[in-house]
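The following exercises are to be worked through with the sequence and the structure in view. Each task is followed by a solution in steps.

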Amino acid sequence: MSSYASPNARKIDENYYLDGGIQEDQLAALAKDCNSALYLYVGDSDAEEARQVLPKYFAASACLQLNSAHPVYQPDTASRPDEAIAVFKEFKTALDSLSRPVAIICKTATRASAVYAAYELAVKRNLTKEQTAELSKARELKYLGSAGLVAWVNTVIDHLHVHVPRNPLVFRQLFEKESSTYTYLLADAITKEAVLIDPVLETVARDSQLVNDLGLTLKYVLNTHVHADHITGSGALKALHSGLQSVISVASTGRADISVIPGQVVPFGTRTLTVLATPGHTEGCVSYLLDDLSCVFTGDALLVRGCGRTDFQGGSASKLYHSVHSQLFSLPDSTLVYPAHDYKGYCNSSILEERTLNPRLTKTLPEFVSIMDNLGLPYPAKFDKSVPANLVCGLQD
């Protein structure tokens, strides 16, 4: 985030920023993106300075002590779990009260990253120690270099993680040939609750029949964005499946039964999908990350060896580049990528493959913007019919 004065400043996602230091120029820059701030001080003088300067820039702020020299942040912190949980609960209370986006700040962003990992990954997302470590590594969180902070995060997980056994997953990848669109059916194999991602109107009968054949109950139909090349099957599916609810992002401005925001969880049986903001192809694009981090459904934001165009519907090449790099390329290498389209016969890829082999997104930002600005693609044939219909996805009579 080179626009910030601090080299430690990082946008983790739409809700969280991490930074190191409280120089006023960097706070002024952060305040353009964040509504609130949590500062982790070391000593009393440090705290006093923060309490004076933070209210100048943020509508709400809090200051709490996190001194890595304290015994609770040492490698043997597991021997004092009550203390470890007590200090975590202070951070949780503060973060629960602060509006998003929130900046978590310390001297170097190391302690800030530990608080983020414990609060958002370990507790809110209910990830295991292994999953928290894997995602923290992929996002290059600095606390991983401190044995004491790692031990503290792990102690929080040991005592606050709610073990929810995940049933096996039913998974089907389906294809619509005219628009080269992939639709995905996911279901809890035991409870039979299911979701469909990016259905197409022309293949509603096929999708509905498959749901019935497998004895599933369709709970949600999710769209990754307001599509321009086909009409969503959301509304038609709702007419066929009682109780089915449509889902799309708030940022898309589309109407649906449920409008989701980044970080929101969509449950089906014992399984969940987490919403990731991946704008750029359109302003409202989101991806859906499966609970065990095994796969992510990226819509048009990230395709196999490509990406969606950025020249309409509020698209932005620079925004797409940043969202893919920060939200998708920060996932574990092994996470499988399932896109909304493919035109070359690919079914899926992986984060590692796309991070290293994608011919567009491995370029520098200026190179990527130049590529996207010069694609010269034709106007989508179904744009004038698809977009108006898809802006009311799931609410058609």
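**Exercise 1: a hairpin and its sheet**

Strands S12 and S13 run antiparallel and are joined by four bridges. Helices (H or I, at least four residues) and strands (E, at least two) are DSSP runs numbered from the N terminus, and two strands pair if DSSP finds at least two bridges between them. The model is predicted, so local features need pLDDT of at least 70 and side-chain atom pairs count only at pLDDT 80 or more, while totals for chains, interfaces and linings use all residues. Residues are numbered from 1 along each chain as its sequence is written, and side-chain values use heavy atoms, with hydrogens and water left out.

Task: Describe the hairpin of S12 and S13, then place both strands in their sheet.

Solution.
1. Two residues lie between the strands of the hairpin, and Gly269 takes a positive phi near 60 degrees.
2. Across the hairpin, Pro267 has Thr272 in S13 as its bridge partner.
3. The side chains of S12 alternate: Val266 and Phe268 point to one face and are buried, whereas Val265 and Pro267 point to the other and are not. Buried means under 20% relative accessible area, exposed over 50%, and partly exposed in between (1.4 Å probe, protein chains only).
4. The sheet is open, with six strands in the order S12-S13-S14-S15-S16-S17 and mixed pairing. Its edge strands, S12 (265-268) and S17 (349-350), each pair on one side only.
5. S13 (residues 271-277) also pairs with S14 (residues 286-290), in the antiparallel sense over five bridges; there Leu276 stands opposite Ser287.

**Exercise 2: cysteines**

Task: State how many disulfides the whole structure holds, and explain why Cys34 and Cys106 form none.

Solution.
1. A disulfide is a pair of cysteine sulfur atoms within 2.5 Å; the search finds zero of them.
2. For Cys34, the closest cysteine sulfur is that of Cys106, 14 Å away, which is too far for a bond.
3. For Cys106, the closest is that of Cys63, at 13 Å, again too far.
4. Cys34 is buried, with a relative accessible area of 3%, and Cys106 is buried with 0%.

**Exercise 3: the largest core**

Task: Identify which residues of the largest nonpolar core touch the most other members.

Solution.
1. A nonpolar core is a set of buried Ala, Val, Leu, Ile, Met, Phe, Trp, Tyr and Cys residues joined through side-chain atoms within 4.5 Å.
2. The largest has 59 residues, and Leu38, Leu40, Ile104 and Trp152 touch the most other members.
3. Helix H4 (residues 110-124) gives the most to this core, with nine residues.
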